[in-house]
Structure formats: C-alpha cells, structure tokens
Amino acid sequence: MTNYNVLVVDDEREIRDAIEIYLKNEMITVYKAGDGLEALDILSEKDIHLIILDIMMPRMDGITATFKIRQERNIPIIMLSAKSEDTDKILGLNVGADDYVTKPFHPLELVARVKSQLRRYTNLGNYRATDDEVQVRGLTLNKSTKTVTVDGNDVRLTATEYKILELLMENKGRVFSIEEIYERVWREPYLNAENTVAVHVRRIREKIEINPKDPKYLKVVWGIGYKIEK
C-alpha cells in the first residue's frame, strides 16, 4: 500500500489521530479535517483517493458532505457513526457512501476496509472478459475506460456500483444471490449485508433505468437475487 492519500474527517481529534497512526503504518498519507466544510476545502487542493467521513459533525455533517462530494467525485467514502441503527446506514449509502463502520470500531477492521476500497477504486477490472466492452441493448460498459453509457449518454457510477454492474453484465441472464454479490464485490464474508447490496442496486437503477420502478436492465428475482436481463 503506497502512494495513497486518505482524508479522515471527524470532529473528534482523538479519533482522527488514532486512525492516522494505523493508516501511516500502511504507508498511507493522511489528511485530516474536523468537519465537512474543511474536508471540501482539502479535496479542492489535494489528490485524495479515499475519504473516511463521520456522520455527526458541526457546520457540515457527513451526509451533506457526501452529497456534495458525489456531485463531482466518485472516490470511495467510508462513513463512521456512533449510531448502529439501519436508518443511518441506509441514509449514508443512499447519498453515495461505499461502506459503513459503526463506532466504536476496531482500527484494524477499518484499515482492512480502507485497503479493500482502495483496491477496488484503483483496480476496477477484476472481472475479465475477452472484449473491452460489454453491451446489453442500449447499456454499454467499457472495462478499459471504466465507463458506462446508456443510449450513448454517460452514467457516473461509484467504484462499488461499477463493480456490481460489471459482475452482472459480464454474466447477463445469470441470477446472483445477494450474498454472492457481496462476497464477489466486497471480497469479504457476507454478514447481514442485505441492505448494503440493496441500496447499491437501487442507486444503479436510478442511474441506468428510465423508470427504476419498472427496470428493463437490472432485474430482481424475488427470493433469489439480481440479474441483468439479456
């Protein structure tokens, strides 16, 4: 793990400093901010590859900051929260977070999630095929440029959304269970991650479907999982 820049955003200095110690042990450069506004300023000046972002902060909270970041950037965002309720987790994922860690957390778990997200962000092409492009009617995914278009119009996906869509498109017609999607994309054991996958799928639908409630590409197979319709 070298040459990565991670931005840690939390209003508690002790948490920022503790995370910095563990990330520096992995040869990661750490930038720190105390709230969302300060984080946006750093993002405008530095080349950041991943953000660790607390939800509850003064001036600008993590949800608002994520929404603003996602208007321009697709870098991975790991959200932190002292709350364990699913509503916080789903809200964070809905606005564009890639992963979620509940306080108190084990620092080594957070480091492992950071590594996983950085690998996914910098090396998206893990699912290989003979051609660079995968096409399903008007939906096209280019694995060389890591781009997706619908009827010729560019679609902006996060790294995690891209990986899910790539997996399904390269195996169009095949139904993947939620557990299998999670373990193939997140590359860690599935453990109560149904909401995480469902939220990401919903976000993909909102971006590639004309009518997300009546999708023509990304279909749900009730009681089993998801597939890309041929």
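**Questions about a predicted chain**

Biologist: Of the contacts in the protein chain between residues at least 6 apart in sequence, what share joins residues at least 24 apart?

Modeller: This is a predicted model, in which local features need pLDDT of at least 70, side-chain atom pairs count only at pLDDT 80 or more, and totals for chains, interfaces and linings use all residues. Residues are numbered from 1 along each chain as its sequence is written, and side-chain values use heavy atoms, with hydrogens and water left out. A contact means heavy atoms within 4.5 Å. On that count, the share in the protein chain is 59%.

Biologist: What is the radius of gyration of the protein chain?

Modeller: The chain has eight helices and twelve strands (DSSP runs, helices being H or I of at least four residues and strands E of at least two, numbered from the N terminus). For 230 residues the globule rule (2.2 Å times the number of residues to the power 0.38) gives 17 Å. The chain's value, taken over C-alpha atoms, is close to this, so the chain is as compact as a globular protein of that length: 18 Å.

Biologist: Which residue does UniProt list as 4-aspartylphosphate, and is that residue buried or exposed?

Modeller: The unreviewed UniProt entry lists Asp54 for this modified residue; such annotations may be inferred rather than shown by experiment. Asp54 is in strand S3 (residues 50-54) and, not counting residues up to four places away in sequence, touches Val9, Asp10, Asp11, Gly62, Leu80, Ser81 and Lys103. Buried means under 20% relative accessible area, exposed over 50% and partly exposed in between (1.4 Å probe, protein chains only). With a relative accessible area of 4%, Asp54 is buried.

Biologist: How far apart are the end C-alpha atoms of helix H5?

Modeller: Helix H5 covers residues 107-122, and its buried residues include Leu110, Val114 and Leu118. The expected span is 1.5 Å times one less than the number of residues. For the 16 residues of H5 this gives 22 Å, which agrees with the distance between the end C-alpha atoms: 22 Å.

Biologist: Which strands are at the edges of the sheet S6-S7-S8-S9?

Modeller: The four strands form an open sheet with antiparallel pairing, where two strands pair if DSSP finds at least two bridges between them. Strand S8 (residues 147-150) and S9 share three bridges, and Thr149 has Asp154 in S9 as its bridge partner. The edge strands each pair on one side only: S6 (133-136) and S9 (153-155).
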